[in-house]
Amino acid sequence: DTIPDDLITLPAREAWTDRIVDYASAAKVAFPAGARRIDAVVATVTGIVDGEPRGPVVATHGDLYEANLFVADGGVSGVIDVDAVGPGHAVDDLACFLAHLAVLRTIHPGYAHTGAFLSSYLDAFSAYVDAHGASRAGLLARTAAVACTLIAGARDEGLPDWEAAADQRLRIAEGFAALAWGSWLVAHPGG
């Protein structure tokens with residue numbers, strides 16, 4: 001909410017979810033063992049986001065996640081990596097943050113504690129998007145999409161466990177997709 005409103009005049013960029021098919025293709029090349037599962041995530045995501053509201057166009061970061069935020073005294077004190085700032089939807093920034101937070105534990109064991117924060121952020125972000133014209137189902141589906149975009153980054157043949165990390169990221173995407181579908185069904189009974 002504190003991103004200056006006048007940044008909405010900058011050129012628009014597609015959100016991660018808008019390019020899910022391209023990112024899924026890269027994920028399948030990097031982790032071919034998960035190809036069918038990746039396709040299933042994409043089908044769920046696109047089936048939900050195509051009909052869910054995104055909320056108003058606002059000034060967004062465009063690549064919001066924990067490594068791009070500096071925190072001091074319990075508040076955000078700085079933001080970096082602002083090359084994607086411009087018009088967008090808050091739900092996409094929040095989904096980007098959630099997906100990166102969820103995937104952190106696949107990067108290094110020192111991030112194991114981050115999973116404990118995920119539920120709190122998800123609840124707060126769900127309330128925010130509900131109050132700003134988007135939906136929990138859309139937030140969860142977009143989070144699944146961003147998690148899917150992070151699968152290809154796990155491939156590092158110099159690391160012995162890169163396939164396990166790719167699989168963990170895919171399981172995270174699948175988990176968010178399943179939550180999104182459940183949330184969508186609750187919001188659209190008989191749909």
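Strands are DSSP runs of E covering at least two residues, numbered from the N terminus. In the structure described here, which is a predicted model, strand β2 spans residues 69-72 and contains V71.

The confidence of the prediction is considered before the individual features. The protein chain has a mean pLDDT of 94, and 99% of its residues reach a value of 70 or more. Among the elements of the chain, helix α5 (residues 136-149) has the highest mean pLDDT, at 98, whereas strand β3 (residues 75-79) has the lowest, at 88. Where pLDDT is low, predicted coordinates should not be read in detail.

Strand β3 is the partner of β2 in an antiparallel arrangement, with four bridges joining the two strands. Within this pairing, V71 has V76 of β3 as its bridge partner. The two strands form a hairpin with two residues between them. D73 is placed in the loop that connects β2 and β3, and its phi is near 50°, a positive value in a residue other than glycine. The relative accessible area of D73 is 86%, which is over 50%, and the residue is therefore classed as exposed. A second aspartate with a positive phi is D81, for which the angle is near 60°. D81 belongs to the loop between β3 and β4 (86-88). With a relative accessible area of 32%, D81 is partly exposed.

A nonpolar surface patch includes both valines of the bridge pair described above. The patch is formed by V71, V76, V79 and V82, which together have about 350 Å² of accessible area. V71 has a relative accessibility of 60% and so counts as exposed.

Salt bridges were examined next. Side chains of opposite charge can pair when their charged atoms come close. A search of the whole structure finds ten salt bridges. One of them is formed by R37 and D167, with an N to O distance of 2.7 Å. This pair links distant parts of the chain, since R37 lies in helix α2 (residues 35-49) and D167 in helix α6, 130 residues apart. R37 is partly exposed, at 27% relative accessibility. D167 also forms a salt bridge with R171, in which the closest N and O atoms are 2.9 Å apart. R171 and D167 both belong to helix α6 and are separated by four residues, about one turn of the helix. R171 has a relative accessible area of 45% and is therefore partly exposed. D167 thus takes part in a salt bridge with R37 and in another with R171.

A further salt bridge joins R19 to E14, with the closest N and O atoms 4.0 Å apart. The two residues fall into separate accessibility classes: R19 is partly exposed, with a relative accessible area of 33%, whereas E14 counts as exposed at 56%. In addition, a network of salt bridges links D18, R54, D92 and R142.

The aromatic side chains form five pairs in the structure. In one of these, the ring centres of W16 and Y23 are 5.3 Å apart and the ring planes stand at 55°, so the pair is tilted. W16 is partly exposed, with a relative accessibility of 25%. The rings of W181 and W184 likewise have their centres 5.3 Å apart, but their planes are at 10°, so this pair is stacked. The classification follows because planes under 30 degrees apart count as stacked and those over 60 as edge-to-face, the rest being tilted.

Both tryptophans of the stacked pair lie in helix α6 (residues 162-187), three residues apart, about one turn of the helix. W184 counts as buried at 15% relative accessibility, while W181 is partly exposed, with a relative accessible area of 42%. The difference in class arises because the buried category is limited to values under 20%. Helix α6 therefore holds the W181 and W184 pair as well as the salt bridge partners R171 and D167. Elsewhere among the aromatic residues, ring pairs link F97, Y121 and F125 into a cluster.

Methods: Residues are numbered from 1 along each chain as its sequence is written. This is a predicted model: local features need pLDDT of at least 70, side-chain atom pairs count only at pLDDT 80 or more; totals for chains, interfaces and linings use all residues. Side-chain values use heavy atoms; hydrogens and water are left out. Rings of Phe, Tyr and Trp (its six-membered ring) pair if their centres lie within 6.5 Å; planes under 30 degrees apart count as stacked, over 60 as edge-to-face and the rest as tilted. Buried means under 20% relative accessible area, exposed over 50%, partly exposed in between (1.4 Å probe, protein chains only). Patches are made of residues with over 30% relative accessible area and no salt bridge: like charges are joined within 9 Å, nonpolar side chains (Val, Leu, Ile, Met, Phe, Trp, Tyr) within 5 Å. Accessible areas come from the Shrake-Rupley method with a 1.4 Å probe; for residues, only the protein chains shown count as cover. A salt bridge is a side-chain nitrogen of Lys or Arg within 4 Å of a carboxyl oxygen of Asp or Glu. pLDDT is the predictor's confidence in each residue, from 0 to 100. Two strands pair if DSSP finds at least two bridges between them.
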